[in-house]
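Reader: I should like to learn how to read several features of a structural model, beginning with helix packing. Please give the general idea in each case and then the instance at hand.

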Amino acid sequence: MDQVLLVEDDVPTREWLVALLTSAGEPQLAHACGTVQEALAWLRAGRPADVVLTDLGLPDGSGLEVIREACRTPGREVLVLSIFGDESNVLSAIYAGAGGYLLKDGSVDSIREHLHCLRSGGSPLSPRIARTLIRRTRQAPGTETSPTTAFRPRDDATSAVAPSAPGSPLSERELDVLTGISKGFSYVEVATALGITTNTVRTHVRKIYDKLAVNSRLEALYEYNRRMDEQGRPRIC
Amino acid sequence: MALLACFVAVISFILWVRLGDHREVTAAPAIELRETASAEVGRSYPASPPHAETLRPVRLPDNWDGSRPDYSGYVWYRAELPNAVHGWQRPTVYLPVAAMNGEVWIDTARVGGAGRMTFPLSRHFYTPQLIEIPRALIRADATQSLWVLVAGHPGYRSGLAPVWIGEHDALYPAWRERRFWQTEGNAATIVINLTLAVFVLLIGWRDRAHGAYVWFGFAAVVWALRNLNYWVTHPVIPDLLFAELCVSGAAWFVALFGIFAMRFSEEYQPGYVGPRWFLPAALGYAVVATGYFLHASDYARANAGFLVLAAIGVGITVWGLVRLVRLAIARPTGELVAVACGALTYLLLLLNDYQVGINRSSQGEIFMRQYAALPLFVAITITLARRYMEALQRTRDLASSLQSEVATQRAQLEQSFAQLREAEREQARSQERTRVMGDLHDGLGMHLATALRQSRSAAHTDRLLTETLQDCMDELRIAVDSLDEHERDPLSLLGTLRYRMAPRFESLGMRLDWQVADNLGEPPALDPSAALNLLRLVQEALSNALKHSGASVVTLSLSRPPAGVRVAIADNGCGFDPATVAHGHGIGQMRSRAARLGAVIDWQRTADGMVLSLTLPQVPVTH
């Protein structure tokens, strides 16, 4: 049975989530805490945490630290708690390795269903976040995709499908999925339009998250090594 | 002070020349011959001296204008060759003045002379002659005659000054000195005058700020040309014409210099204005004098009017010079005092020369005016040069101060531009703050107030409160969306709105379809205020459909008609008549939002239900 580590400093929110996760069912709450240090201590002690739910703004630091620590263990699900799913926070969490986010607005009363859904295939991806991801991909050197026209059914022979740009971390199909979502279409609609199943769409979204996280880690590593080279100091390999 | 000392020196020198010992040759051995016998022999060049009985005694100097006023032709003057001549190594005759021309004979033999002795005569009236007598012509056994043959015409101070005879070396210094002052020095003044004139004219011509000096430049040119009178012995034009042009030149000089003195005073002396009639009067005088002299058919006739015209000329000159002196008194600067001293010197010698000119009994004076003019002209030119240099310096100063001024101005301009931009940004921020605050107050604030009221009400229901709070959340999201810098085009705004609202439709068993036309492209971005109006309007329409239509499917679509962007919300519900529908549906509010967007809004009943269509202008309206 999956165990959940909850990191949230706002007491009412934490209590609400604790209440949801301690009722009968799966997954179950393993531990709830309100600071980065506590969470890191829990994780480093190797205590159970198959799923980590964390807020970003914590009193003694950023939830990103918790995310990075938690991601060291493969197969662990890390999710960000957000009020709006606002892009800047969610994106930094994704780049830190988070696999998605949960909204605190009470629309996820059946949090377990959401967690199952996340476990089985990807996070919800809002159009705004999708558009931000596309913009980021576009800004990468040598990429010329046009997301607003790229979203077309695959079986339409006359349609021009945007090729995946060289250097882009995403495959063509992932970009198609992202483009559809960016326009406000649901997973089902995207799946129908692309002639694939909804689950495949979820898988793609999941891969997009993973790739972006890995990609951002590679970028950071590259940047770090470049600076080390400039200073004549050893690289990290 | 240096200038002043200069003038004193010049005056002293001239006075010494004029008033000093009149005995021209001071060395020995030399004899001055004053007592002669003379005879007029007519206008044909004589082959030999006349007989002794035709001679009558004449005392030198002999000025023909006084002694034989209308005579034109040759006159012989005879003196006995002194015995001392036998003892001299190089017996020589010195003729200070033999006008118009003269030559020396011993008995019947011509010894020498200068230029042409036949009419028209060469102009050697101002050329001293030093003629050595060949020893072969001197005989020990007899009394010999020394003849001077003079050719002349009336009206030009023809005649003969006292003749000197003596040892060559005794006479030479006197001849040399006279020759220097009358010929070479004269030529030098002409060159200097012309140089000054060219300089002054160039500056005065190029810069009209120095206009007065143009008059002076012309005067100096005329003066230089006019002084050729004393230097040119063989003019290329007819002799009479040349002579009369020289006399006319004097008149022109007088007129031009008088005008200069007036203009110069006007420039330098504040408040002084010369008489208006002076300029035409002076020029008129010059024209009349020129006409008169050029019209004269011979020297005699020309000379008849000389006295009157010369007197007027002296009058004009005196007026001008006195004007310069009064200017120096009014403004006693070094330069102007120097000009005044030059003027006084000039005046003194002008009067002297005038007196010489009208004296019909004397001969052999040196005219000093051309020399006296030099200090005056130089002083005047110095004032111009000073002005010119000052103007140049001012221009340079101005240029450099302008440059720094421009730099300062540019810096100030840049600063005020920066301030302006900052003010504009501040204003934009302030407007945005005002808009956001107003929006939070009217939207979120109102909903929160409602929620508060509902929660306090005894009859409140959770469902109602939840709905109100949901509205609060929607309001807040819309406000946040409208501020996003990247997400303000209709596709992004409505895509996100649809994404948020779809679950609510689903939870009520309804469907919110979303259609985006293929030709949509990238619609233009709206400003935050327009974005908010669009979101509110569509949200209101969707809420209405959700709450009141009773439809099972609501379709939100975005398309691109030929002009603008069209948003349509269609439902398959019961429909309503927008003209009669209650205000609670927010129809009025939607209309006013559409107006603020510059969009056309309209409702249509269809077979299935209702279609609301909103057509946004091509160019988004900004507020």
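Reader: How are H9(B) and H10(B) oriented to each other, and why?

Author: The model is a predicted one. An angle over 145 degrees between two helix axes counts as roughly antiparallel. Helix H9 of chain B, residues 369–456, packs with helix H10 of chain B, residues 462–483, at an angle of about 170°. H9(B) and H10(B) are therefore roughly antiparallel to each other. Their axes are 9 Å apart, and H9(B) passes H10(B) in a left-handed crossing.

Reader: Which residues of H9(B) and H10(B) make the contact?

Author: On the side of H9(B) the contact includes B:Val436, B:Leu440, B:Leu444, B:His447 and B:Leu448. From H10(B), the residues in the contact include B:Leu465, B:Leu469, B:Cys472 and B:Leu476. By class, the residues of this contact divide into 11 nonpolar, 6 polar and 3 charged.

Reader: How does one read a sheet, and which strands are joined to S11(B) by bridges?

Author: In general, the strands of a sheet pair through backbone hydrogen bonds, in either a parallel or an antiparallel manner. Strand S5 of chain B, residues 73–80, is joined to S11(B) by 8 bridges, and the two run antiparallel. Within that pairing, B:Tyr74 has B:Ala151 of S11(B) as its bridge partner. Strand S8 of chain B, residues 101–106, is joined to S11(B) by 6 bridges, again with an antiparallel run. Here B:Gly102 stands opposite B:Val150 in S11(B).

Reader: Is strand S11 of chain B mostly covered or mostly open?

Author: Strand S11, residues 145–152 of chain B, is mostly covered, with 7 of its 8 residues buried.

Reader: Which strands are the edge strands in the open sheet of 3 strands in chain B?

Author: An edge strand pairs on one side only. The order of this open sheet is S4-S12-S7 in chain B, with antiparallel pairing. Its edge strands are S4 (62–63) and S7 (98–99) of chain B. S7(B) is joined by 2 bridges to strand S12 of chain B, residues 159–160, and the two run antiparallel. In this pairing B:Ala98 stands opposite B:Leu160 in S12(B).

Reader: How should a single loop residue be read; is B:Val232 buried, exposed or partly exposed?

Author: A count of 20 or more other C-beta atoms within 10 Å marks a residue as buried, and 12 or fewer marks it as exposed. B:Val232 has 16 other C-beta atoms within 10 Å and is therefore partly exposed. B:Val232 belongs to the loop between helix H4 (211–226) and helix H5 (239–268) of chain B. Although B:Val232 and B:Thr183 are 49 residues apart in sequence, their C-alpha atoms are 9.2 Å apart in space.

Reader: What does each chain give to the contact between chain A and chain B?

Author: The size of an interface is often given as the accessible area lost when the parts come together. Here the account is by residues: chain B gives 17 and chain A gives 12. On the side of chain B, the elements that give two or more residues are H10, helix H11 (490–507) and strand S14 (511–516). H11(B) gives the most, with 8 residues. That side of chain B has 8 nonpolar, 5 polar and 4 charged residues.

Reader: How many helices and strands does chain A have?

Author: Chain A has 10 helices and 7 strands. Of its 237 residues, 38% are buried. Among contacts in chain A between residues at least 6 apart in sequence, 59% join residues at least 24 apart.

Technical notes. Residues numbered from 1 in each chain as written. Chains lettered and ligands numbered in written order. Predicted model: local features only at pLDDT ≥ 70, side-chain atom pairs only at ≥ 80, totals over all residues. Axes fitted to C-alpha atoms, helices over the stretch in contact; angles between N-to-C directions. Helix = DSSP H or I, 4+ residues; strand = E, 2+ residues; numbered from the N terminus. Parallel < 35°, antiparallel > 145°, perpendicular 65-115°, else oblique. Left-handed = near helix turned anticlockwise from the far one by under 90°. Contact = placed C-beta atoms within 7 Å. Nonpolar A, V, L, I, M, F, W, Y, C, P; charged D, E, K, R; others polar. Pairing = 2+ DSSP bridges.
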